[in-house]
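Colleague: Could you take a close look at the enclosed cavities of this model and tell me which residues line them?

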Amino acid sequence: MITFSEAQIMAWLSPVLWPFIRVLAVFSVAPVFSMRAIPMRAKIGLAFLVAVCAQAVLPDQPIIDLNGRGALGAVAQQVAVGLAIGFSVRLVFSAVELAGEVIGLQMGLNFASFFDPTSNAQVSAVARFFGNMATLLFIVINGHLLILMAVIKSFERFPVDGNFLQALAQMRLYELGASLFSSALWIALPMIALLMFVNLTLGIISRVAPQMNIYAVGFPVTLTVGMLGITATLPMLEQPVLALLQQSIDLFASQR
């Protein structure tokens, strides 16, 4: 009868166990991967497949006794790092959707809101449109591969040592949170300037021709100009999204 010691079993499991937990934590919150349309079994299987395929490039994982305190700290560290990676990418999508909210407010379309099952919140039509465009752009620029690369690189910056509090302090997620509003304003700035010019023009017309019903004319004009402006500026969405995504990836893939 063949028997194996606990040390041998842990030596076989450790190279896969810790990457598996970290990747699974990423898949639970990262855009696209965390969609409800993807079954949980598929996420678990994909996380295990990624952990196995990444063995060739991952550093050697420490062997931690699962019955000791170090195992709990190691699991908490993997979950914390994985959730932080997914959350940082989620902030990129939030910046794009916030830009859509601002543009929709300027166009007068914020009243056209509906329940979004992906975020469990009320969002405007323009914000949802920008969110869908960000999702498509994320797939086109291989954002899902960038996330997996960040997970693999994160083992160099955040090795498995069970010290999850130190890992949380080194992530500096506040840098992304601080840039959320500025990035949203950067994305929406062309449309804000265009619609501000339209509103200024309508204000001048209302002063020159007081008999004109500016409310009946202004909304169709603002809506039409807004639609044309979105069509013209939408191709420029790639650069800020790619820059924000790269910034979020660099928090985990580069040494500080």
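Modeller: What follows describes the cavities one after the other, with the rules used to find them. This is a predicted model, in which local features need pLDDT of at least 70 and side-chain atom pairs count only at pLDDT 80 or more, while totals for chains, interfaces and linings use all residues. Residues are numbered from 1 along each chain as its sequence is written, and side-chain values use heavy atoms, with hydrogens and water left out.

A cavity is a set of points, on a 1 Å grid over the protein atoms alone, where a 1.4 Å probe fits but cannot get out, and its lining residues have an atom within 4 Å of a point. Points are joined across faces, edges and corners, and a volume is the space filled by probe spheres set on them. The count comes to 2 cavities of 30 Å³ or more.

The largest cavity has a volume of about 50 Å³ and is lined by Ser88, Leu91, Val92, Ala95, Leu176, Ser179, Leu180, Ser183 and Leu244. Helices here are DSSP runs (H or I, at least four residues) numbered from the N terminus, and α3 (69-107) and α7 (174-208) each supply at least two residues of this lining. With Ala, Val, Leu, Ile, Met, Phe, Trp, Tyr, Cys and Pro counted as nonpolar, Asp, Glu, Lys and Arg as charged, and the others, Gly among them, as polar, the lining of the largest cavity divides into 6 nonpolar, 3 polar and no charged residues.

The second largest cavity holds about 40 Å³ of space, and its lining has 10 nonpolar, no polar and no charged residues, among them Pro19, Val50, Leu58 and Phe155. Here α1 (6-29), α2 (40-53) and α5 (143-157) each supply at least two residues, with the largest share, 4 residues, coming from α5.

Notes
On a 1 Å grid over the protein atoms alone, a cavity is a set of points where a 1.4 Å probe fits but cannot get out, and a pocket is an open set with protein on both sides within 12 Å along at least five of seven lines; lining residues have an atom within 4 Å of a point.
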